[in-house]
Amino acid sequence: MTDTAPQPCDLLIEAGWVVPVEPHGVVLEDHAVVVSAGRIVAVLPTAQARARFAAAETVARPDGALIPGLVNAHTHNPMTLLRGIADDLPLMTWLQQHIWPVEAAVIGPEFVADGVALAVAEMLRGGTTCANENYFFPDVQAAVYKRHGFRALVGLPVIDFPTAWAGSDDEYFDRAGEVHDQWRDDPLVGTAFAPHAPYTVGDASFERIRMLSDQLDVPVHLHTHETAQEIADSLKQHGQRPLARLDRLGLVNDRLIAVHMTQLTEAEIHLCAERGVSVAHCAESNLKLASGFCPACALQRAGVNLAIGTDGCASNNDLDMFGELRTAALLAKAVAGDATALDAATTLRAATLGGARALGFGERIGSIEPGKEADLACVDLSALETQPLHHVLSQLVYASGRQQVTDVWIAGRRKLDSRVLVDIDTGALVANARQWRDRIAALGR
Ligand SMILES: [Zn+2]
């Protein structure tokens with residue numbers, strides 16, 4: 001044995017278990033993750049890590065399972081301020097009679113900034129380190145995510161009617177270009193095109209999006225095949241199902257993040273697999289709005305990259321990825337009529353590496369591997385609710401709640417420390433949310 005001096009590193013996290021996600025299904029007992037300059041340097045048994053590395057900071061979590069930070073693959077985080085504003089309604093009634101009128105009255109930079117700030121705090125406390133955002137004022141969202149050191153892909157909205165963000169097609173594209181240019185080289189915040197849905201965006205805008213997403217190499221984040229009504233309307237209006245129409249427009253490719261996808265034929269599932277489409281599965285939103293059931297297991301087994309999202313807080317009503325993991329796993333079994341559908345390891349993979357790949361971040365995050373950025377969450381498994389500990393993956397997916405997340409890092413920076421948010425004033429956030437409650441109540445709906 002050579003007598004080499006220990007190598008300096010920034011951070012050593014010693015965990016009871018490390019669940020790297022890649023390789024698939026593996027749980028490493030008594031392992032440590034070594035971090036330097038925001039990146040994972042090594043994953044190795046704790047005893048070896050102590051001998052080989054001299055860490056500036058060591059965090060020991062002998063009862064904790066360290067997982068990759070969760071990736072929320074579809075959300076509208078400013079809508080956190082509309083949590084519970086209208087429940088128990090079908091999608092179009094909910095949108096047209098409740099959500100859109102309130103949004104028309106409150107939407108603007110202040111609403112967006114305050115909603116994202118509240119969401120960031122909620123996500124961090126639940127082990128989420130990255131969000132695929134889809135809302136107006138992406139410039140404001142990006143600035144708030146950046147200020148909090150939170151990783152996000154912000155959607156550049158395109159919709160066929162005027163909003164507070166843009167008044168015409170050209171203005172949507174001009175503003176999209178400006179936001180993209182501003183953030184294109186940022187290590188934490190990226191951009192995607194976010195056409196709202198096939199029923200709110202015309203062919204001409206989709207064609208521009210196709211061209212620009214190729215040119216700028218950015219994903220296209222789109223709600224589609226959400227309800228049977230959407231399919232029927234598309235057949236009536238365009239003579240094609242939405243996916244066939246998107247294919248005609250050149251958008252069914254590996255840049256597409258297709259959200260919901262509850263209505264799919266066998267042939268459409270295979271088309272998505274062949275073209276490298278990612279599907280963002282929002283199980284709880286689909287259940288709450290009675291939209292339909294995404295064939296998550298059939299998609300995953302066909303080779304489609306499956307990701308998991310909460311959707312906005314107004315249709316969920318939380319940003320709890322642990323809740324979403326469990327719902328997605330259970331629902332997949334019911335839909336497939338097969339208890340082996342979406343097992344625990346596969347579901348956790350969808351909520352981490354699947355999401356990262358969908359967003360185009362697969363080389364940087366989504367698993368605990370040397371070279372990747374250190375986006376990590378530690379889950380305390382010592383609570384009686386997760387005892388006895390027969391199988392770590394089972395406890396994480398089927399028994400753990402987000403309140404068991406103790407620590408979170410994004411790019412190696414601590415964001416949650418023993419359940420306490422770092423650099424976030426939770427009292428001020430709650431006071432601000434109450435102020436929005438009063439302002440919205442005063443609209444007198
Ligand atoms: Zn949505």
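Colleague: Are H223 and D311 buried or exposed?
Modeller: Keep in mind that this is a predicted model. The cut-off for buried is under 20% relative accessible area. On that scale H223 and D311 get the same label: both are buried.

Colleague: Which residues coordinate the zinc ion?
Modeller: H223 gives its NE2 atom and D311 its OD. Two other histidines also bind through NE2, and the distances run from 2.1 to 2.3 Å. Along the sequence the spacing reads H-x1-H-x146-H-x87-D. The full set is H74, H76, H223 and D311.

Colleague: How far apart in sequence are the parts that H223 and D311 tie together?
Modeller: H223 sits in strand β9 (residues 220-224). D311 is in the loop between β12 (305-308) and α12 (321-336). So the pair links parts separated by 88 residues.

Colleague: What is the arrangement of the four donor atoms around the zinc ion?
Modeller: Look at the angles they subtend, which go from 86 to 177°. To count as tetrahedral, all angles would have to lie between 85 and 135 degrees. The spread of 86 to 177° makes the arrangement irregular.

Colleague: Okay, on to the packing. Where does the largest nonpolar core lie?
Modeller: That core has 116 residues, and I67 and W94 are among those with the most contacts inside it. Helix α3 (residues 109-125) gives the most, with eleven residues. Domain 1 (7-68 + 373-411) and domain 2 (70-358) both contribute, so the core lies between domain 1 and domain 2.

Colleague: How many residues does the other core have?
Modeller: This one lies apart from the 116-residue core. Its members include L153, I257, A280 and L359. The count is 15 residues.

Methods
Residues numbered from 1 in each chain as written. Predicted model: local features only at pLDDT ≥ 70, side-chain atom pairs only at ≥ 80, totals over all residues. Heavy atoms only, no water. Donors = N, O, S within 2.8 Å, 3.2 Å for Na, K, Ca; no water. Tetrahedral: all angles 85-135°; square planar, octahedral: opposite > 155°, others 65-115°. Helix = DSSP H or I, 4+ residues; strand = E, 2+ residues; numbered from the N terminus. Buried < 20%, exposed > 50% of the residue type's maximum accessible area, 1.4 Å probe, protein only. Core = buried A, V, L, I, M, F, W, Y, C linked by side-chain atoms within 4.5 Å. Domains from an automatic or database assignment.
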